Amino acid sequence: MNTNIEHLKYPIGTFKSSEIISETQIKDWIKTIRNFPTQLKLEVKDLSVSDLKKTYRPNGWNIMQVVHHCADSHMNSFIRCKLALTEETPTIKPYHENLWAELPDANNPSIESSLIILEGLHQRWTFLLDSLNASDLNKSYFHPESQSYVNLKTNIGIYAWHCEHHLAHIKIAKNS
């Protein structure tokens, strides 16, 4: 196993957004988000409970925690998107993802419920994202933890990256 912890934390690198985000880039990101539940299901198909407990790095989350985290995180992003579309630059509520990953539901080897959540959520989310116009994509929310404004087009990129990031974690864990 690769001992470079930083590479194991960020196997595809960290998210980097350019100042100019093209319509083509947004469509590609939405496609990544749309396809994530199917790709995730393929990666975790037929894994045993023992397999689901494998981690992608020392002191990292196991596969079941990653799957449940994706459901939690993507639900939060969907809500943040809707808040930005319906309120004037809302301040979103951050959450402690590491603490959420320690809760009993995140350590449940029955990942089917999170896979079902992700499938339905991503259908609704990408339907909404496909409908956004240029003005909508420039709407933003304020993230109090990072003290930054995040517009929806950047948020789409962040979550396309997030999908690929955690798929890479699962692939690493499966091979550990």
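Is Glu-43 buried or exposed? Glu-43 counts as buried, because its relative accessibility is 16% and the cut-off for buried is under 20%. Keep in mind that this is a predicted model. Here's a quick tour of the fold, helix 2, the core, the salt bridges and a few residues with something to say for themselves.

**Overall fold**
- The chain has eight helices and two strands. Reading from the N terminus, the order is α-α-α-α-α-α-α-β-β-α.
- For 176 residues, a compact globule would have a radius of gyration near 16 Å, and the chain agrees with that because its own value is 16 Å.
- Along the principal axes, the C-alpha atoms fill a box of roughly 45 × 35 × 30 Å.
- Buried residues account for 45% of the 176 in the chain.
- Take the contacts in the chain with a separation of 6 or more: 79% of them come from residues 24 or more positions apart.

**Helix 2**
- Helix 2 covers residues 23–44. Its 22 residues should span 32 Å at 1.5 Å a residue, and the end C-alpha atoms are indeed 32 Å apart, so the two agree.
- There's a bend of about 45° at Phe-36, with a proline, Pro-37, following within four residues.
- Quite a list of residues is buried here, including Ile-26, Trp-29, Ile-30, Ile-33, Phe-36, Pro-37 and Leu-40. Thr-32 and Glu-43 are also on that buried list.
- As a rule, residues three or four places apart in an α-helix point the same way, because there are 3.6 residues a turn.
- What sits over the buried residues of helix 2? The cover includes helix 4, helix 6, helix 7 (134–137) and helix 8.

**The nonpolar core**
- The largest nonpolar core holds 42 residues, and the ones touching the most other members are Ile-33, Leu-40, Val-44, Val-67, Leu-129 and Ile-156.
- Helix 2, helix 4 (63–86), helix 6 (112–131) and helix 8 each put in at least two residues. Helix 4 gives the most, with 10 residues.
- Val-44 is a handy place to start looking. Setting aside neighbours within four places in sequence, Val-44 is in contact with Ile-63, Val-67, Ile-111, Leu-115 and Ile-170.

**Salt bridges**
- Searching the whole structure turns up six salt bridges.
- Lys-174 and Glu-43 form one of them, at 2.9 Å from N to O. This pair ties together distant parts of the chain, with Lys-174 in helix 8, Glu-43 in helix 2, and their positions 131 residues apart.
- Lys-174 has a relative accessible area of 28%, so it is partly exposed, whereas Glu-43 is buried at 16%.
- Asp-51 and Lys-54 pair up through their side chains at 3.7 Å, N to O. Asp-51 is partly exposed because its relative accessibility is 22%, and Lys-54 is partly exposed at 25%.
- Asp-136 and Lys-139 make a salt bridge at 3.8 Å, N to O. Asp-136 counts as buried because its relative accessibility is 15%, while Lys-139 is partly exposed at 29%.

**A buried histidine**
- His-165 sits in helix 8, which runs over residues 152–174.
- With 6% relative accessibility, His-165 is buried, because the cut-off is under 20%.
- Beyond its neighbours within four places in sequence, His-165 is in contact with Lys-9, Tyr-10, Pro-11 and Ile-12.

**Positive phi in the loops**
- Asp-46 has a positive phi of about 65° even though it isn't a glycine. Asp-46 comes just after helix 2, in the loop between that helix and helix 3 (49–52).
- Is Asp-46 buried or exposed? Asp-46 is exposed, because its relative accessible area is 72% and the cut-off for exposed is over 50%.
- Asn-59 is another non-glycine with a positive phi of about 65°. Its place is in the loop between helix 3 and helix 4.
- Asn-59 has a relative accessible area of 82%, so Asn-59 is exposed.

Notes. Residues are numbered from 1 along each chain as its sequence is written. This is a predicted model: local features need pLDDT of at least 70, side-chain atom pairs count only at pLDDT 80 or more; totals for chains, interfaces and linings use all residues. Side-chain values use heavy atoms; hydrogens and water are left out. Buried means under 20% relative accessible area, exposed over 50%, partly exposed in between (1.4 Å probe, protein chains only). Contact means heavy atoms within 4.5 Å. A nonpolar core is a set of buried Ala, Val, Leu, Ile, Met, Phe, Trp, Tyr and Cys residues joined through side-chain atoms within 4.5 Å. A salt bridge is a side-chain nitrogen of Lys or Arg within 4 Å of a carboxyl oxygen of Asp or Glu. The expected span of a helix is 1.5 Å times one less than its number of residues. The bend at a residue is the angle between axes fitted to the seven residues ending there and the seven starting there. The radius of gyration is taken over C-alpha atoms; the globule rule is 2.2 Å times the number of residues to the power 0.38.
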